[in-house]
Amino acid sequence: MWLLDDGPLGNLASFSPQVAHWPKGSLHVAESVGDSAAQDKSGRRQALLRAHGEGGPLFVSHSVLPGTPAWEMLYLHLRKDTTSTTANLGEHECIAICAHLRADLVFVCQDRRATQIALSELGRGRVASPFDCWDSLRQDGLIDDAAFLALCQRSLRGDRGLPGVPWRFRM
């Protein structure tokens, strides 16, 4: 199960997938990532977060409650040195959720710093690139090959360090 950070959520929203046939709860977001969708002037992120698949809402939102181990990790470990109250909040919240609330979720991010922190905190197999998520959606029959390639191209736009779609996903 995939817990999307803001970048992958934006890529998926800009693609505007047809999700009516997707199972409810197919994707997950941290509360702060969902809240930040209000800044999307196109309205696509908000629409995607409100979308319903087969049987109910497509997205499940998770929050970190005060006094819990996830809250301690978030505010006493990951965010103890932040100078801005919102800088990387979504990324950090996702890491705390994966670490303490949902061991079945894989954090999907494309920010390099967030990926390094997440790998250090969560370990292998708990952090994935957007390409992995798109490939999983394709393998599950939720998107077709054309949609997969379009999402891969959208994911490349913000990252000038990648030479292209990862070789393992070439078709």
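Helices here are DSSP runs of H or I with at least four residues, strands are E runs of at least two, and both are numbered from the N terminus. What you're looking at is a predicted model, where local features need pLDDT of at least 70 and side-chain atom pairs count only at pLDDT 80 or more, while totals for chains, interfaces and linings use all residues. Residues are numbered from 1 along each chain as its sequence is written, and side-chain values use heavy atoms, leaving out hydrogens and water.

Let's start with the sheet. It's an open one with five strands in the order β5-β2-β1-β6-β7, paired in parallel (two strands pair if DSSP finds at least two bridges between them). At the edges sit β5 (59-62) and β7 (127-128), each pairing on one side only. Look next at β1 (residues 2-4) and β2 (residues 27-30), which pair in the parallel sense over three bridges. Trp2 has Leu27 of β2 as its bridge partner.

Now bring in α1. This helix packs on the sheet and touches β1, β2, β5 and β6 (106-108), with its direction at about 95 degrees to that of β1 (contact means heavy atoms within 4.5 Å; angles run from 0 to 180 degrees between N-to-C directions, and axes are lines fitted to C-alpha atoms, for helices over the stretch in contact).

α1 (residues 6-15) also packs with α8 (residues 145-157), at an angle of about 130 degrees and with the axes 10 Å apart. The two helices are therefore oblique to each other (under 35 degrees is roughly parallel, over 145 roughly antiparallel, 65 to 115 roughly perpendicular, and the rest oblique). On the α1 side, the contact uses Asn11, Leu12, Ser14 and Phe15, and α8 brings Ala147, Ala150, Leu151, Arg154 and Ser155.
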